[in-house]
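Trainee: Before we begin, I should like to learn how to read the ligand site and the empty spaces of a protein model.
Mentor: Let us place the structure before us and take the features in turn.

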Amino acid sequence: MNYAANRLSLVSTSAAAVVSQNARALKAAGHDIVDLGLGQPDFDTPSHIIEAAHAAALRGETRYTPTAGTIELRNAVCQKFARDNGLTFEPEQIIVSTGAKQVIFNAFMATLEPQQDVLLCAPYFGVYEGIVTVLGGRARALPCAAADGFRLTPEALRQAISPNTRWLLLNSPSNPAGAVYSREQLVALGEVLAEHPHVLIMSDEIYEHILFDGRSFHSFASACPSLADRVLTVNGVSKAYAMTGWRIGYAGGAEPLIRAMTKVQSQITSGTCSVSQAAAVAALNGPQEEVARYNAAYERRRNVIVERVRRIDGLTLDPPQGAFYAFIGCAALVGRTTPEGTLINTDADLVDYFLHHVGVAAVPGSAYELSPFFRLSTATSEASINKAMDRIEEAVAKLQG
Ligand code: PMP
């Protein structure tokens with residue numbers, strides 16, 4: 001019996017999820033595995049947020065909510081956009097969904113015609129491609145070189161846009177490279193986009209608060225206000241407040257776009273979890289000290305990993321500017337041979353070798369459409385990062401050729 005529809009053959013299960021599944025299976029079989037595959041904060045959700053959810057449940061906020069989100073949360077999101085990003089939205093321009101992932105799904109479901117192009121800056125979060133493809137669109141990877149800080153250049157954007165382009169997706173700070181765009185860099189991209197009024201821009205700003213070396217964050221819509229009615233600004237509480245399991249993402253954009261996305265959501269999930277929405281109100285309106293504390297921890301870990309990679313011949317890493325990943329270049333190791341005599345042909349081979357030879361779980365660059373690299377998550381303790389790097393150092397030293 002074939003259960004899956006044809007469209008499912010176009011996509012595969014998220015690579016990071018597969019890596020983590022494999023790591024878990026090896027752990028369960030008694031192997032000692034350091035899992036730097038999955039990107040989620042290792043911190044617990046701050047207690048005032050949990051208490052707000054508890055209080056909401058006790059108050060009876062246990063029923064269906066308005067499809068686009070509770071008015072309390074949409075108001076809190078409007079205030080957040082105004083406070084942090086200088087963006088002005090009315091609640092009608094806001095949608096709250098089950099994670100930023102559903103926001104992205106809703107947006108493409110609502111707007112993409114079959115075979116229209118979505119431009120993605122590689123390396124990119126693989127879910128973008130999965131959603132676009134399953135909906136019948138075409139994901140087009142625009143390679144962004146390490147030498148350009150893994151950022152899209154205006155020239156590359158100009159060349160990539162065609163009459164068939166529906167969306168450009170930007171992600172700053174980025175998963176997996178930690179690339180951060182300055183205001184000037186966003187303005188330069190905006191100048192190209194101003195020449196192409198048929199292109200919508202999705203700005204995924206979910207790592208907004210995880211920024212290093214004293215950098216400040218610039219939201220695309222505030223850097224390019226003349227394009228604002230074509231920009232969907234996507235964000236959420238998962239990363240900033242260590243709330244991945246609560247599943248709250250949100251977006252601000254033109255009212256007709258938000259209305260179309262809300263129509264999609266009305267046919268899928270309806271309004272997202274009532275108690276999680278109350279928690280998200282507390283996260284956005286409450287004290288923000290924890291956010292800064294997490295950021296300081298991620299920066300220390302970033303420094304540890306950069307220092308460790310520097311000491312390993314054959315690996316390259318410019319300091320990530322934000323987010324909690326290291327996207328490590330491994331071109332010099334391709335063509336070498338493992339102690340068992342297996343040739344390392346690709347980054348996926350190298351990641352496989354790390355997992356089975358020294359018990360370190362990483363995600364290959366191929367999962368992000370840029371090779372040869374591998375991604376390690378730094379959303380874990382310094383001790384785990386050091387343990388993983390000890391093992392990677394040992395594994396690399398054993399490669400021959
Ligand atoms: N965007 C990016 C770039 C991400 O890395 C992630 C999570 N890995 C998401 C969106 C989705 O976040 P969530 O659905 O938890 O809000």
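**Reading the ligand site, the spaces and the backbone**

Mentor: We may start from the backbone: Q115 is placed in the loop between α4 and β3, where helices (H or I, at least four residues) and strands (E, at least two) are DSSP runs numbered from the N terminus. Q115 is not a glycine, yet its phi is positive, at about 70°. This is a predicted model, in which local features need pLDDT of at least 70, side-chain atom pairs count only at pLDDT 80 or more, and totals for chains, interfaces and linings use all residues. Residues are numbered from 1 along each chain as its sequence is written, and side-chain values use heavy atoms, with hydrogens and water left out.

Trainee: Which peptide bonds are cis, and what is omega there?

Mentor: The bond from A122 to P123 is cis, with omega near 5°; P123 belongs to the loop between β3 and α5. Another cis bond joins N175 and P176, with omega about 15°, and P176 lies in the loop between β5 and α7 (183–194).

Trainee: Which residues come nearest to the ligand?

Mentor: A residue is near a molecule if one of its heavy atoms lies within 4 Å of it. Here 13 residues surround the ligand, and A100, D204, Y207, S238 and R247 come nearest. Helix α4 (residues 99–111) provides the largest share of this shell, 3 residues.

Trainee: Which polar side-chain atoms lie at a short listed distance from an oxygen atom of the ligand?

Mentor: A polar contact is a pair of N or O atoms within 3.5 Å; within protein, one must be able to donate a hydrogen and the other to accept it, and residues adjacent in sequence count only if both atoms are side-chain atoms. A polar side-chain atom of S238 is 2.7 Å from a ligand oxygen, and one of N175 is 2.8 Å from a ligand oxygen. For K101, a backbone N or O atom lies 3.1 Å from an oxygen atom of the ligand. The protein covers 92% of the 400 Å² of accessible area that the ligand has on its own, by the Shrake-Rupley method with a 1.4 Å probe.

Trainee: Where does the ligand sit?

Mentor: Rolling a probe the size of a water molecule over the atoms shows where empty space is left. On a 1 Å grid over the protein atoms alone, a cavity is a set of points where a 1.4 Å probe fits but cannot get out, and a pocket is an open set with protein on both sides within 12 Å along at least five of seven lines; lining residues have an atom within 4 Å of a point. The ligand sits in the largest pocket, meaning that more than half of its atoms lie within 2 Å of the grid points. That pocket holds about 1100 Å³ of space, a volume being the space filled by probe spheres set on points joined across faces, edges and corners. Of its 46 lining residues, S14, K101, F125, G126 and V127 are closest to the centre. Helix α5 gives the most to this lining, with 8 residues.

Trainee: How many cavities of 30 Å³ or more does the structure hold?

Mentor: There are 2. The largest has about 110 Å³ of space, and of its 14 lining residues C121, P123, Y124, N171 and S174 are closest to its centre. Strand β5 gives the most to that lining, with 3 residues. The second largest cavity has about 60 Å³; D204 is one of its lining residues, and D204 is also among the residues that come nearest to the ligand.
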